[in-house]
Amino acid sequence: MSEYQAQDYKKGQPRWCPGCGDHFFLASLHKAMAEVGVAPHDMAVISGIGCSSRLPYYVNTYAMQTIHGRAASIATGAKVANPELTVWQISGDGDGLAIGGNHFIHAMRRNIDINMILLNNRIYGLTKGQYSPTSPRGFVSKSSPYGTVEDPFRPAELCFGARGNFFARAVATDSPGTVGILKAAYHHKGAAVCEILQNCVIFNNGCYDPVYNKEGRKKNAIYVKHGEKLVFGENDEYGLVQEGFGLKVVKIGEEATIDDVLVHDAHCQDNTLQLKLAMMDNEHGFPIALGVIRDVEAPTYDASVAAQIEEVSAKKKYHNFMELLETNDIWEVK
């Protein structure tokens, strides 16, 4: 059992709107930190700019609020410079996927061992209600008064397209679900993306209403667990089966048997089924997938850099600055 409690990771007085999803997530992060048992001085929480990016002020760890969209860059540097450090990167959908989008995809492509948290409320909250890269087409906001004419990024699709090896999703108000994926992200070696669905109570309240409470999640979400059947519903009466190259929802015992229902494989190198699970939504008659959707091992950037430095250093005649000076011809000026 961990020697730490959630209280050991708390700091300051959170300043977010009452009911904001950031409050729920912060409580889950404190709990997850305590359960993984890493000392506060061995952790760093790094963010960019935005409502969610205030979070580093409320954790009793090393922490840094950086500039807009650059959280992944600073997190990368911190991890490569100190591979033993546990790094949590906190970004909103605007900070992480707009100005920070390029850093987001390359952190995944490089597979840097950081935990990338994407707090997705589909809106710019700090700057007072402009549409974000994840806002749906037609969304009315202060910067799109007649409805946005853009299609949104879907974080899972972006992650998989950047060759991401870990993707998980939780709802901010679901503490057990959030703590579960945060712990899984910590144990995964490589870039681990956790999408957190949360409402902005001021500018986009209700955007996740179908799954924002426990009763809604029973009807409109599916908790995926590696090695277990993909079943859902208030009494696990529904399941997911393969139909052609896609998925289909069936009622178990009427349209299919439990043997027909697919088993979730989060460790499969082929991400075809994992992506289909991650892309499901209520609008098309599917439940929203929650939990660890993909978790695949692959070489990490930081470990590879450390190994390369060690290998190259072993072949050099010098190992510090003084030895470097003495490597070439030396003469004395009198």
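In this predicted model, the buried residues of helix α6 are Gly177, Thr178, Val179, Ile181, Leu182, Ala184, Ala185 and Tyr186. These buried residues pack against one helix segment, α1 (21-36), and against the strands β3 (86-92), β4 (115-120), β5 (166-171), β6 (192-197) and β11 (288-295). Where α6 starts, the backbone nitrogen of Gly177 has a side-chain oxygen of Asp174 within 3.2 Å. The length of α6 can be checked as well: the helix covers residues 175-187, and because its 13 residues at 1.5 Å a residue should span 18 Å, the 18 Å between its end C-alpha atoms agrees with expectation.

Two pockets are described next, beginning with their volumes and the make-up of their linings.

| Pocket | Volume | Lining residues by class |
|---|---|---|
| Largest | about 740 Å³ | 15 nonpolar, 5 polar, 8 charged |
| Second largest | about 610 Å³ | 11 nonpolar, 6 polar, 10 charged |

The largest pocket has a lining of 28 residues, and those nearest its centre are Arg122, Arg154, Met280, Asp281 and Glu283. To this lining α5 (155-161) and β6 each contribute at least two residues, and β6 is also one of the elements against which the buried residues of α6 pack.

The second largest pocket, with about 610 Å³ of space, is lined by 27 residues, of which Ile222, Tyr223, Val224, Lys225 and Leu290 are the closest to its centre. Its lining takes at least two residues from each of α6, α7 (214-220), β7 (221-224), β8 (231-232) and β11, and β11 is likewise among the elements that pack against the buried residues of α6.

Conventions:
Residues numbered from 1 in each chain as written. Predicted model: local features only at pLDDT ≥ 70, side-chain atom pairs only at ≥ 80, totals over all residues. Heavy atoms only, no water. Helix = DSSP H or I, 4+ residues; strand = E, 2+ residues; numbered from the N terminus. Expected span 1.5 Å × (residues − 1). Buried < 20%, exposed > 50% of the residue type's maximum accessible area, 1.4 Å probe, protein only. Contact = heavy atoms within 4.5 Å. Polar contact = N/O pair within 3.5 Å; in protein donor to acceptor, adjacent residues only side chain to side chain. 1 Å grid on protein atoms, 1.4 Å probe; cavity = no way out; pocket = protein on both sides within 12 Å on 5 of 7 lines; lining within 4 Å. Points joined across faces, edges and corners; volume = space filled by probe spheres on them. Nonpolar A, V, L, I, M, F, W, Y, C, P; charged D, E, K, R; others polar.
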